[in-house]
Every structure is written in structure tokens, then in C-alpha cells.
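Subject: Structure for you to look at

Dear colleague,

I am passing on a structure that I would like you to look through at your own pace. Please open it next to this message, and read the notes below with it in view.

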Amino acid sequence: IGVLRDGPWLSVRDMGHIDASGLLHLAGRESRMLVTQGKNLFPEEVEAWLLAQPGVAQASVIGLPDALRGLRIHAVLHGADLPAATALAAGCRAQLEAFKTPRRWWRRQGAWPQTRSGKTDTAALQAAVAQALAGQPPAALQPWR
């Protein structure tokens with residue numbers, strides 16, 4: 001989506017496309033776009049699918065460096081009765097393109113981290129996953145299978 005330059009406009013750099021019938025489809029924020037396997041992934045699409053699954057109260061999709069893929073996709077979930085990660089991965093592959101399926105799954109215990117504006121604190125979740133991968137998992141984060 002282009003940036004409007006004339007007038008009192010504000011751009012948040014949302015990205016999307018206009019289909020053949022003229023409808024605008026938003027993909028996500030440019031700043032959140034992840035490049036994995038040479039393809040652009042908007043976490044919002046995967047998060048929306050995950051949040052539509054029974055038992056998933058909160059979901060965040062993040063990318064961490066991976067020598068082969070560019071970024072390896074991780075999903076952090078929160079909920080009292082989460083489905084198995086294997087079931088979520090299979091459903092994700094069936095509904096979305098395969099490269100959008102998270103490779104690692106994590107369960108967040110306790111309070112879901114939020115910014116002052118009430119949005120998911122993606123940076124905090126990304127730091128927690130990086131810490132867990134470094135062998136120092138925070139108590140509130142567990143691998144999910």
C-alpha cells in the first residue's frame with residue numbers, strides 16, 4: 001500500500017493488496033514482516049488462524065535467526081486447554097502455506113506480556129524464546145508439543 005504524501009495523513013506502513021474486484025486485503029505491518037525461506041510472512045495472518053482455534057487465548061508468532069531459513073518461525077501460545085502443537089501444525093499447514101507453519105512451539109504460563117498500550121509485547125516474548133534456546137528457559141515459558 002503506497003504512502004500518501006499530500007495532506008494530513010499518517011502512515012503506519014500497513015501492507016496488503018487490492019484484488020480483482022477492488023477489495024483491499026490487509027496482510028500486516030511492514031515492521032512485523034518476517035522473511036523465512038526467501039518468502040515474506042506476516043505474523044498477523046498466522047496469529048489470527050491460531051487465535052481461532054479452541055483453547056488458544058493468546059498467540060504470538062516470532063522469527064529468530066536461522067542459518068538455513070533466514071528466520072525460524074516460533075509460535076508462543078497461552079491458554080488453559082491448548083491443543084497439541086502437532087495438531088496445530090497440521091491444521092496450519094492445511095489452511096496456510098507450509099512455510100507459514102511455526103517450526104517451534106512454546107507455551108506461556110502466567111500473565112501474557114503486554115505493552116503499555118495493551119498490545120502483545122512481542123519483543124519480550126522474542127527475548128524469552130531466545131533465552132530458552134540458549135539453555136536458560138524462563139520459568140513462564142515451556143516447549144509445547
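The notes below take the sheet and then the helices.

Please keep in mind that this is a predicted model. It contains an open sheet of four strands, whose order is β5-β6-β7-β8 and whose pairing is mixed. At the edges lie β5 (58-66) and β8 (141-143), each of which pairs on one side only, and from one strand to the next the twist averages 30°. In general, the strands of a sheet pair through backbone hydrogen bonds, and they may do so in a parallel or an antiparallel way. Here β5 and β6 (residues 70-78) are joined in the antiparallel sense over nine bridges, and within β6 it is I73 that serves as the bridge partner of G63.

Two helices can be seen against these strands. Helix α1 (residues 43-51) lies across β5, β6 and β7 (104-108), running at about 140° to β5, while helix α3 (residues 122-133) packs on the sheet, touching β5, β6, β7 and β8, with a direction that makes about 55° with that of β5.

How do α1 and α2 pack, and at what angle? Helix α1 and helix α2 (residues 85-95) have axes 11 Å apart and meet at an angle of about 125°, and they are therefore oblique to each other. The crossing in which α1 passes α2 is right-handed. The contact involves V46, W49 and L50 from α1, together with L88, G91, C92 and Q95 from α2; by class, five of these residues are nonpolar, two are polar and none is charged.

With best wishes

Definitions and conventions:
Residues numbered from 1 in each chain as written. Predicted model: local features only at pLDDT ≥ 70, side-chain atom pairs only at ≥ 80, totals over all residues. Heavy atoms only, no water. Pairing = 2+ DSSP bridges. Axes fitted to C-alpha atoms, helices over the stretch in contact; angles between N-to-C directions. Contact = heavy atoms within 4.5 Å. Parallel < 35°, antiparallel > 145°, perpendicular 65-115°, else oblique. Left-handed = near helix turned anticlockwise from the far one by under 90°. Nonpolar A, V, L, I, M, F, W, Y, C, P; charged D, E, K, R; others polar.
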